[in-house]
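Thank you all for making time this morning. I would like to walk you through one structure, going from the whole chain down to a few individual side chains, and I will try to keep to what the coordinates can tell us.

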Amino acid sequence: MKEQLMPVMDKISEVLVFLEGWLRSNVLTWKTGLQWVWAVVALLLALLIWRALRPRFDNWRGGLAENPVGRAVLSGVVNIGWLLLFLGLAQAGVQVFEELEYVPWVLDAVSQLALAGMALRLLALGMPNKALARSTATVVWVFVSLHILGLLTPLTSFLNNLSFTIGETRFSALDGFKGLILATIFLQAAVILSRIAVGRITAMRDVSPSVQVLLGKTVKVVLFTVAILMALSSVGIDLTSLAIFSSALGVGIGFGLRTIFSNYVAGIILLMDRSIKPGDTIEVGTVYGVVTGVFGRFSSVRTRDGKEYLIPNEHFVTNEVVNWTYSDADVRIRVPVGIAYESDVNRALELMEEAPKGLNRILTSPEPRALLVEFGDSSVNLELRVWIADTKDGVGNIKSDLLLRIWNLFHENGIEFPFPQRDVLLKPGSALSVTLDKGEENDPPKPPNPGE
């Protein structure tokens with residue numbers, strides 16, 4: 001273990017010796033010390049002055065709501081205002097040191113760093129992911145700083161020497177940093193390109209929503225896969241050497257994540273055969289609602305209660321699903337009604353067909369139809385059949401409206417609703433005792449006589 005760490009310790013010692021020499025020649029002299037002091041003073045002054053000026057710029061920017069160009073310019077000034085002030089003060093110090101016949105390399109360096117910082121902050125304004133934009137700008141600014149100060153070459157040489165070998169492939173710390181930075185750039189580019197592509201696909205009016213979703217997901221997968229492969233190739237990784245490893249890894253992942261993969265495959269099938277698509281009214285198990293989205297692993301179904309059910313796509317492929325609007329949005333609803341045997345059946349049927357009139361959700365073609373279904377034990381069973389075309393607005397509410405109208409019409413026209421009826425048969429030789437309680441005070445009920 002000690003023998004393996006010795007080369008690393010020797011390299012770290014070399015870096016420390018280099019840094020000591022660089023500090024003595026570039027920092028720990030009175031000429032450069034004065035420049036560093038002025039750079040710090042200029043930075044503090046710039047921050048204090050900008051703290052007092054920024055509220056005015058914010059007010060001006062708020063007053064340009066109807067002028068997008070002016071608002072964008074002021075937004076850029078607000079983001080780099082303190083750097084502009086620092087650059088001006090640093091250049092003033094450059095003029096003073098040049099009059100004193102000193103080489104102001106420190107102030108020139110910090111001025112270049114200020115310019116680089118302004119450029120990076122302006123570029124970051126156009127990136128959609130603000131956190132990623134700030135981190136990217138910080139990394140780039142650090143590398144620019146090292147280059148301006150003359151430390152980039154020694155640092156890259158040191159990182160390149162920190163390496164190890166796997167087979168015939170050599171990896172170094174420098175390759176790791178390069179791969180991380182390039183992967184970030186490529187992935188950010190993939191995000192931007194995928195958003196543009198999805199926007200173009202969504203604008204295609206001739207393409208169905210399910211195909212639009214499928215094309216959008218395919219574009220995203222392809223772009224992100226290409227970005228990762230480009231990042232790996234850029235650091236010198238031979239992609240062909242990963243073929244066997246990726247095959248074995250794929251088999252292991254396939255067994256371990258087969259349910260997840262089956263859901264993704266089922267999602268692709270749903271998008272291709274369009275059996276389930278956004279906007280459909282479906283019923284799966286006990287869930288009834290409208291499909292709000294078909295995603296890679298699951299589909300979201302929103303019920304009338306406002307609940308969002310995230311159902312795995314595999315359920316739609318392997319289980320029975322009722323799609324109320326698969327080929328046609330028109331749906332027939334059955335409303336069963338029972339009446340007493342003493343009621344006028346013909347009049348009841350006429351009233352039931354009259355009940356849907358005036359309800360906007362009921363279609364007039366096909367016309368509502370009332371039918372006599374069967375003669376039940378306690379009632380004559382009727383059924384009203386109506387058609388609607390907006391199942392997404394619910395079915396229970398329209399049934400409630402129909403039943404309420406039927407209730408009112410039946411009561412207005414003397415149609416009685418049945419009560420359960422039962423015939424009691426007394427076998428010969430059996431006895432029946434009946435006791436009447438009239439509820440008179442101080443007169444307890446007489447107990448039944450067993451002989452009666």
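Taken as a whole, the chain has a secondary structure of 13 helices and 10 strands, and please keep in mind throughout that what you see is a predicted model. Of the 452 residues in the chain, 29% are buried, and the accessible surface comes to about 29600 Å², with 62% of that area belonging to carbon and sulfur atoms. If we take the contacts between residues at least 6 apart in sequence, 63% of them join residues that are at least 24 apart.

Let me begin with the helices in the earlier part of the sequence. Helix α2 covers residues 30–62, and leucine 45 has its place there. How exposed is leucine 45? With a relative accessible area of 35%, leucine 45 is partly exposed, and together with Val37, Val41, Ile49 and Leu53 it makes a nonpolar surface patch of about 350 Å².

Helix α3, which runs over residues 68–99, holds leucine 87, and here the picture is one of burial, since the relative accessible area of leucine 87 is 16% and anything under 20% counts as buried. Which residues does leucine 87 touch, once those up to four places away in sequence are set aside? The contacts are with Ser111, Ala114, Leu115 and Met118. Leucine 87 also lies 8.5 Å from alanine 42, C-alpha to C-alpha, although 45 residues separate the two in sequence.

Serine 75 is another residue of helix α3, and at 18% relative accessible area serine 75 is buried. Its C-alpha is 8.7 Å from that of phenylalanine 57, and the two residues are 18 apart in sequence.

Moving along the chain, we come to serine 194 in helix α7, residues 173–202. Serine 194 is buried, with a relative accessible area of 5%, and, leaving out residues up to four places away in sequence, it touches Lys220 and Leu223.

I would now like to spend some time on helix α12, residues 345–354, where the buried residues are Val345, Ala348, Leu349, Leu351 and Met352. Why do these residues fall on the same side of α12? The reason is that they cover an arc of only 165° around the axis. As for what they pack against, the buried residues of α12 meet β8 (331–339), β9 (369–375), β10 (380–388) and α13 (396–412). At the start of α12, a side-chain oxygen of aspartate 344 comes to within 3.2 Å of the backbone nitrogen of asparagine 346.

That brings me to charged pairs. Side chains of opposite charge can pair when their charged atoms come close. In this model the count of salt bridges comes to six, and I will discuss some of them.

One of these is within α12 itself, where the side chains of glutamate 350 and arginine 347 meet with an N to O distance of 3.2 Å. Being three residues apart in the helix, glutamate 350 and arginine 347 are separated by about one helical turn. Both count as partly exposed, glutamate 350 at 47% relative accessibility and arginine 347 at 31%.

Another salt bridge links aspartate 280 with lysine 277, the closest N and O atoms being 3.4 Å apart. Aspartate 280 is buried, with a relative accessible area of 4%, and lysine 277, at 15%, counts as buried too.

The last pair I will show is arginine 334 with glutamate 383, whose side chains meet in a salt bridge at 3.5 Å, N to O. What does this pair tie together? Arginine 334 lies in strand β8 and glutamate 383 in strand β10, so the salt bridge ties together parts that are 49 residues apart in sequence. Arginine 334 is partly exposed, at 40% relative accessible area, whereas glutamate 383 is buried, at 11%. Through salt bridges that share partners, Arg334, Glu383 and Arg385 are joined into one network.

To return to α12 for a moment, strands β8 and β10 are among the elements against which its buried residues pack, and those are the strands that hold arginine 334 and glutamate 383, respectively. I will stop there and take questions.

Methods
Residues numbered from 1 in each chain as written. Predicted model: local features only at pLDDT ≥ 70, side-chain atom pairs only at ≥ 80, totals over all residues. Heavy atoms only, no water. Buried < 20%, exposed > 50% of the residue type's maximum accessible area, 1.4 Å probe, protein only. Helix = DSSP H or I, 4+ residues; strand = E, 2+ residues; numbered from the N terminus. Arc of directions from axis to C-beta. Contact = heavy atoms within 4.5 Å. Polar contact = N/O pair within 3.5 Å; in protein donor to acceptor, adjacent residues only side chain to side chain. Patch = residues over 30% accessible without salt bridge, like charges linked within 9 Å, V, L, I, M, F, W, Y side chains within 5 Å. Areas by Shrake-Rupley, 256 points an atom, 1.4 Å probe, with all protein chains shown as cover. Salt bridge = Lys/Arg side-chain N within 4 Å of Asp/Glu carboxyl O.
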